[in-house]
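Student: I'd love a guided close look at one part of this model, with enough of the surroundings to place it. Could you take me through it?

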Amino acid sequence: MDLHLKSLFGRFQEQFGSGPGLGPGSGTCLMKVEGINPASIKSIFRAAAALYRTDPWKRLRPGHLFGIRVGKDSDWSSKKQLFPCVQFIGGDGGDLGFIMFRSENNARRMTGSRETIRVPNVEVLRVTFELESIIFPSNQRMIRSLALEASGTDRFPAIDVARCMPSGELQFRNPTLEELRFVYAFMKAISLVHPLLQQDKEAGPKWSRLMCFEPFIETVDVQWPPEMAKGYDLVAVTVSHPPGQAYEEKTSSTASSTPTKYTAEPPKEDVFVDMKMTSTVGFRQCALCDKDVNGDQSLSCGQCCAVIYCSPVCQKQHWKETHKSLCSLYKAMMEREEELAMKIFSFPCSVDQPCKWLESLGIHQKGMWRRKCSCYSHCPFGLLPVKGGLWDSWGGLDDEEYPHDSPFHNHLREGRSSPILLSSWSEYYNLRSLSLSSPVADILSHALTVYYIITTLSISSKNLLLKGKEVILHYLGPEGELDWIPAFAEIGHLLNGLGNIQIVMVGPEVPTNLSGTTSGISSRVRVNLVRGFYQEEATYLPPPHVVVALNCGLECYASWTGALDLIKSMGIPAFFTDQCEISCANAKQVLRGAGLHITHPVTPNPFRSPVRYHCPSNNLPSYGNGFVLGVNT
């Protein structure tokens, strides 16, 4: 009897819900939407399935509200965002899906502690993932006739628009084609960005079960499927948590221009901070006039504390010209310093003067470390004199402080060899039994960032490796890496007996006498060196599976234009790293200007160098390979 009641109660919950949501499906069918075609329906179901696979309900609850902005207000017939606020429901019971609101105020009015409150005359769009067994017959016929993709094993999205009537009842209608385009863009964007939310353990009451997240805002480019495009292929989708952050739109000739973050109110008076507390820093550089100034005499903006000036005159002029519109953004970037710092290491991780830092570690002018200061700047990249073996290359560090040329044992998955998947420096140091006083992460950052990209970020490359095949990687613009080739041998050991990697390093800094040479640095990793610009040499190279450019500085070199045009025409996944967030913001603009859409948003690279360097003209947190973003992924 108990089992019978339990089964009956379970079926009741499946059909009628218990918890947040608006109850059973309304029976609306996308086939009845005016102007829709089967291809659009298939695209919507594929986007829903992709979102379902990321399992946002694992962490997100109705109390987590998201602000959504899809393109510009003028893109929509109402001249405003259709559903600018969204909540996920089902993580702790009730309907499994999400609800989109016309305003944040409506969302807060309808969000109860245990149930969704029916507020009269409020209209919402909802997407619920319903079990196939309880879907209305009209939708079951549509699913079978169009062979639509399931979400998970046996769920399919049901999309309708509900209005709460004064009587407490619900009135349903089919969504319009325009509303479905909005939903599609949201599902594609949130699938990418919700995993980036960082828990804020200090926020919220300690007794609350609701996980709190740090304030978040990210813009990604979503590609419209051909049947949904209206004159342009891409749309910029901005997701923020909590909602309510303001934006301003800049006039642009492209329909997919990205909304620009609105700055906080300017300070009532210009405030300066004396920089004597950073007097250990050598020369700094004024952000306006480029004048060199002693660290103990430099000034910074009193609001963001990020930008360096030589005098109040330069600060006031810079505020009027550009900094006024960027100050709040810089302030937000400065606030991430605590998050980005890697506190697991016991060696000094802040570098003001590289030579002194290297001297403190006993590795100045030794081995591969010679590229970490300017003492050997007269020597071309790739041509540092090599004395001996691996111990010399690592500057004579103690045995427990550098990775030896040895395989990893006893690392099997399901009884067979497989690439070792890593997600942090602590995992790697434990794997190699390295002392946390070892600074090798500063050089290994390049090799392990490449490995992280091909085994975690690039799904196609990972699948090739798991099948035991070779991945061809084009590595653009190498400089110091040309002297750190021994460090890339570690990739071969991490492959753990499965797959091979051919790294083709292409760039104008490759020495003429090394161009065309191949180094078999391990049994599973080959490095080819090619001198020249990528767009000019690519036709002579083996076609790549993935392209990488580390510490790329896209906005600094005009030669990137041709390379980005080629990456766009090839449609190959490409990943870029840079040292600080402002450089990544500039890189995003360069990529969008080249017609590339950013499909992997800017995220902190877990294998960034733990060593923070000070840029001459700002105090922004800056780490080698600090952040990663991708296109064509």
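Student: To begin with, over the ring of which residue does the charged end of Arg-181 sit? After that, please look closely at the open sheet of 8 strands: what is its strand order?

Tutor: Happy to! Please keep in mind throughout that this is a predicted model. The charged end of Arg-181 sits over the ring of Trp-224, 4.2 Å from the ring's centre. There is another contact of this kind between Arg-370 and Tyr-376, where the arginine lies over the face of the ring at 5.4 Å from its centre.

Now some context before the sheet. The protein has 17 helices and 27 strands, and 51% of its 633 residues are buried. Its accessible surface comes to about 28,800 Å², and carbon and sulfur atoms account for 50% of that. If you take the contacts between residues at least 6 apart in sequence, 69% of them join residues at least 24 apart.

On to the sheet itself. Strands of a sheet pair through backbone hydrogen bonds, in either a parallel or an antiparallel sense. In this open sheet of 8 strands the pairing is mixed, and the order reads 21-22-20-19-23-24-27-25. Strand 21 (518-522) and strand 25 (598-604) are at the edges; each has a single partner strand, so one side of each has no neighbour in the sheet. From one strand to the next, the twist averages 20°.

Let's follow the end of the sheet that finishes with strand 25. An edge position might make you ask how enclosed that strand is. In fact, 6 of the 7 residues of strand 25 are buried, so the rest of the structure largely encloses it. The partner here is strand 27, and the two run antiparallel over 4 bridges. One of the residues involved is Pro-604, whose bridge partner in strand 27 is Phe-627.

Strand 27 (residues 627-631) also pairs with strand 24 (residues 574-578), again in the antiparallel sense, this time over 5 bridges. Here Phe-627 turns up again, as the bridge partner of Asp-578. Phe-627 is thus a handy residue to highlight in your viewer, since it bridges to Asp-578 and to Pro-604.

Asp-578 leads us out of the sheet to a helix. Ser-583, in helix 17 (residues 581-593), touches Asp-578 and Glu-555 when residues up to four places away in sequence are not counted. With a relative accessible area of 13%, Ser-583 is under the 20% cut-off, so it counts as buried.

Strand 24 has a second link to a helix, this one through aromatic rings. A pair of such rings is described by the distance of the centres and the angle of the planes. The centres of the Trp-560 and Phe-576 rings are 6.4 Å apart and the planes meet at 75°, so this pair is edge-to-face. Trp-560 belongs to helix 16 (residues 560-570) and Phe-576 to strand 24, so the pair links parts of the chain that are distant, 16 residues apart. Both partners are buried: Trp-560 has a relative accessible area of 10%, while Phe-576 has 1%.

That pair belongs to a wider set, as the structure holds 22 aromatic pairs. Among them is Tyr-428 with Tyr-429, also edge-to-face, at 6.1 Å centre to centre and 75° between the planes. Those two tyrosines are both buried. Elsewhere, one aromatic cluster is formed by Tyr-52, Trp-57, Phe-66, Phe-88, Phe-98, Phe-129 and Phe-186.

Finally, a few backbone details you may like to check. Most residues other than glycine have a negative phi, and most peptide bonds are trans. Ala-147 has a positive phi of about 50°; this alanine lies in the loop between helix 4 (137-146) and strand 5 (155-164) and is exposed, with a relative accessible area of 65%. Ser-433 likewise has a positive phi, of about 55°, and is found in the loop between helix 11 (425-432) and helix 12 (441-457). At 58% relative accessibility, Ser-433 is exposed. The peptide bond from His-241 to Pro-242 is cis, with omega near -5°, and Pro-242 lies in the loop between strand 8 (234-241) and strand 9 (247-248).

Note on methods
Residues numbered from 1 in each chain as written. Predicted model: local features only at pLDDT ≥ 70, side-chain atom pairs only at ≥ 80, totals over all residues. Heavy atoms only, no water. Pairing = 2+ DSSP bridges. Axes fitted to C-alpha atoms, helices over the stretch in contact; angles between N-to-C directions. Buried < 20%, exposed > 50% of the residue type's maximum accessible area, 1.4 Å probe, protein only. Contact = heavy atoms within 4.5 Å. Areas by Shrake-Rupley, 256 points an atom, 1.4 Å probe, with all protein chains shown as cover. Phe/Tyr/Trp six-rings, centres within 6.5 Å; stacked < 30°, edge-to-face > 60°. Lys NZ or Arg CZ within 6 Å of the ring centre and 35° of its normal.
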